[in-house]
Amino acid sequence: DERTAYSQAFALMRDRRFKQSVKAFKDFLSNFPSSNYADTAQYWLAESYYLLKYYKHAVSEFSKLVQDHPESPKVVGSKVKIGLAQYELKQFSRSREAMQDVVKNHADSSTAKIAKAHLQRLGREGK
């Protein structure tokens, strides 16, 4: 049952068992690609990679969410996480572009505040 599979994958992530949660979310998305939970499963898969510091995988998976689920409430957070992961990969101009996109296109979101703070950080660091 998809709800159980999602809950089990999320529990692994919540318990900071990120390698196991990556596998569980991948399995979930493979078994239930059109689930109502697909966008959040995609987000938590990407977040698990981010928390493992597998930043290239995180960028790829967050980008997949933005592309495949453009109406998801997880899109704005994914865009910020893309920028943060790019920062960690020392892709500073890409990080800046991602954050500027959030500020421009999602100005009313609370996530835009995070993006603005990150842009200020990039400025202070001269990156």
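How much of the accessible surface of the protein belongs to carbon and sulfur atoms? The share is 47%, out of an accessible surface of about 7400 Å².

## Overall build

This is a predicted model. The protein has 7 helices and 0 strands. Read from the N terminus, its elements run α-α-α-α-α-α-α. The C-alpha trace spans about 50 × 25 × 20 Å along the principal axes.

The radius of gyration of the protein is 15 Å. A compact globule of 127 residues would have a value near 14 Å, so the two agree. Of the 127 residues, 44% count as buried. Contacts between residues at least 6 apart in sequence were also sorted by separation: 45% of them join residues at least 24 apart.

## Charges

The protein carries 22 positive and 14 negative charges. The mean positions of the two sets lie 8 Å apart.

## Helix α3 and the loop after it

Helix α3 covers residues 38-51, which makes 14 residues. From its first C-alpha to its last it reaches 20 Å. That is close to the 20 Å expected at 1.5 Å a residue. Of the 14 residues of α3, 13 are buried, so the helix is largely enclosed by the rest of the structure.

Lys53 follows α3. Its place is the loop between α3 and α4, where α4 spans 55-68. Lys53 has a positive phi of about 70°, although it is not a glycine. Most residues other than glycine have a negative phi. What is the solvent status of Lys53, buried or exposed? Lys53 counts as exposed, because its relative accessibility is 59% and the cut-off for exposed is over 50%.

## Helix α5 and the loop after it

Helix α5 takes in residues 75-88. It has 14 residues and reaches 20 Å between its first and last C-alpha atoms. The span expected at 1.5 Å a residue is 20 Å, and α5 is close to it. Burial is extensive in count: 13 of the 14 residues of α5 are buried, so α5 is largely enclosed by the rest of the structure.

Lys90 comes just after α5. It sits in the loop between α5 and α6, with α6 at 92-105. Lys90 is not a glycine, yet its phi is positive, at about 65°. With 63% relative accessibility, Lys90 counts as exposed. Lys90 and Lys127 are 37 residues apart along the chain. Their C-alpha atoms are separated by 9.1 Å.

## Ala85, a buried residue of α5

Ala85 is part of helix α5. Which residues does Ala85 contact, leaving aside neighbours within four places in sequence? They are Tyr50, Tyr55 and Val59. Tyr50 falls within α3 (residues 38-51), while Tyr55 and Val59 fall within α4 (55-68).

Ala85 has a relative accessible area of 0% and is therefore buried. The cut-off for buried is under 20%. Phe25 lies 60 residues from Ala85 in sequence. In space the pair is 20 Å apart, C-alpha to C-alpha.

## Val103 and Ala117, toward the C terminus

Val103 is in helix α6. It is partly exposed, with a relative accessible area of 22%. Outside its neighbours within four places in sequence, Val103 is in contact with Ala112, Ala115, Lys116 and Leu119. Helix α7 takes in residues 111-125, so these partners fall within α7. Val103 and Lys113 are 10 residues apart in sequence. Their C-alpha atoms are 7.9 Å apart in space.

Ala117 also lies in helix α7. How is Ala117 placed with respect to solvent, buried or partly exposed? Ala117 is partly exposed, at 39% relative accessible area. Ala117 and Asp27 are 90 residues apart along the chain. A distance of 35 Å separates their C-alpha atoms.

Conventions
Residues are numbered from 1 along each chain as its sequence is written. This is a predicted model: local features need pLDDT of at least 70, side-chain atom pairs count only at pLDDT 80 or more; totals for chains, interfaces and linings use all residues. Side-chain values use heavy atoms; hydrogens and water are left out. Helices (H or I, at least four residues) and strands (E, at least two) are DSSP runs, numbered from the N terminus. The radius of gyration is taken over C-alpha atoms; the globule rule is 2.2 Å times the number of residues to the power 0.38. Buried means under 20% relative accessible area, exposed over 50%, partly exposed in between (1.4 Å probe, protein chains only). Contact means heavy atoms within 4.5 Å. Accessible areas come from the Shrake-Rupley method with a 1.4 Å probe; for residues, only the protein chains shown count as cover. Lys and Arg count as positive and Asp and Glu as negative; His and the chain ends are not counted. The place of a charge is taken as NZ of Lys, CZ of Arg, CG of Asp or CD of Glu. The expected span of a helix is 1.5 Å times one less than its number of residues.
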